Amino acid sequence: MTTLSPTGAPLLAARDVVKRFGQVQALRGASFDAYPGEVTALIGDNGAGKSTLVKVMSGALRPDSGEIALDGAPADMHNPLDARRLGIETVYQDLALAFDLDSAANLHLGREVLRPWPWSWLGVLDKPAMRARAVTAFEELGISLPDITAPVRSLSGGQRQCVAVARAVAWATRVVFMDEPTAALGVVQRRQVLDVIRTVRDRGVAVVLISHNMPEVLAVADRVEVLRLGNRVARFTAAGTSVEELVSAMTGGINHGGGQA
């Protein structure tokens, strides 16, 4: 078994994060580290606090106590827009795509490009510019779509997932959170999404993967951090561990490397 305690400074770090919802304490001093150019898997059983911790680190929730740091400096995020300004993007499990819009429009949701004045005053979109950027973004990630002008609802599940990933990656400069990005996908589609994740990592972005699929975690992650009952209880290098060890850590059989780096 190989536990991991990195010596370099993390790009994104959570330290002793506490979050309560009424009488329920979802996080009990949880910590987490993400490094540039790495895929870090965040795993844990249902109720371990994974989703809550990700929401805190991506600005969707405010912690009751603890700290989120980016590049070693406190990152005070009040909402996801603050996270976006810091170069942090999230791919949600429900994708959050507009199915009646095409891939290019989805890539620019909330960041639409307007035509030059006076058309910009009227809110007229520069669709050719948006489509050109979308083509470049998809090509850089190795994503092949049959028609970027077709509504997203006409795409396969894997292609939709790739559009959601591409949207996050196109704007992320530091960190991308991916929540169960291959859930309900077939083998071929799953492989395509994992290839995109590796491409994102190779661009120097810190990728945080939330997944229940342990073989998939070991196939794509560089490091694995385990949450249990609202705390980080173990840290591993993916190459030096096994599915059995990960499951044991998730269920309480192992408690190694849970402290701060």
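## Exercises on two sheets and a pocket

An open sheet of four strands, ordered 2-1-4-5, is held together by antiparallel pairing.

**Exercise 1. Find which strands stand at the edges of this sheet, and explain why one side of each is left without a neighbour.**

- Step 1: Look at the ends of the order 2-1-4-5. Strand 2 (24-34) and strand 5 (73-74) are at the edges; each has a single partner strand, so one side of each lacks a neighbour in the sheet.
- Step 2: Check the terms. Strands (E, at least two residues) and helices (H or I, at least four) are DSSP runs numbered from the N terminus, and two strands pair if DSSP finds at least two bridges between them.
- Step 3: Take one pair. Eight bridges link strand 1 (residues 12-21) with strand 2 in the antiparallel sense, and Lys-19 faces Leu-27 of strand 2.
- Step 4: Visit a loop. Between strand 4 (65-70) and strand 5 lies Asp-71, whose phi is near 55 degrees, a positive value in a residue other than glycine.

Before going on, keep two notes in mind. This is a predicted model, where local features need pLDDT of at least 70 and side-chain atom pairs count only at pLDDT 80 or more, while totals for chains, interfaces and linings use all residues. Residues are numbered from 1 along each chain as its sequence is written, and side-chain values use heavy atoms, leaving out hydrogens and water.

**Exercise 2. Describe the open sheet of six strands and the helices that pack on it.**

- Step 1: Read the order, 6-7-8-3-9-10, with mixed pairing. Strand 6 and strand 10 (231-237) are the edge strands, each pairing on one side only.
- Step 2: Add the twist, which averages 20 degrees from one strand to the next. For angles, axes are lines fitted to C-alpha atoms (for helices, over the stretch in contact), and the angles between N-to-C directions run from 0 to 180 degrees.
- Step 3: Add helix 1 (residues 50-57), which touches strands 3, 6, 7, 8 and 9 and makes about 135 degrees with the direction of strand 3. Contact means heavy atoms within 4.5 Å.
- Step 4: Add helix 6 (residues 187-202), which touches strands 3, 7 and 8, at about 150 degrees to the direction of strand 8.

**Exercise 3. Work out what lines the largest pocket.**

- Step 1: Know the term. On a 1 Å grid over the protein atoms alone, a pocket is an open set of points where a 1.4 Å probe fits, with protein on both sides within 12 Å along at least five of seven lines; lining residues have an atom within 4 Å of a point.
- Step 2: Give the volume, the space filled by probe spheres set on grid points joined across faces, edges and corners: about 250 Å³.
- Step 3: Name residues. Of 16 lining residues, Arg-84, Glu-89, Thr-90, Tyr-92 and Arg-167 are the closest to the centre.
- Step 4: Find the main supplier. Strand 6 gives the largest share, four residues.

**Exercise 4. Locate the cis peptide bond.**

- Step 1: The bond from Trp-117 to Pro-118 is cis, with omega near 10 degrees.
- Step 2: Pro-118 belongs to the loop between helix 3 (103-107) and helix 4 (127-140).
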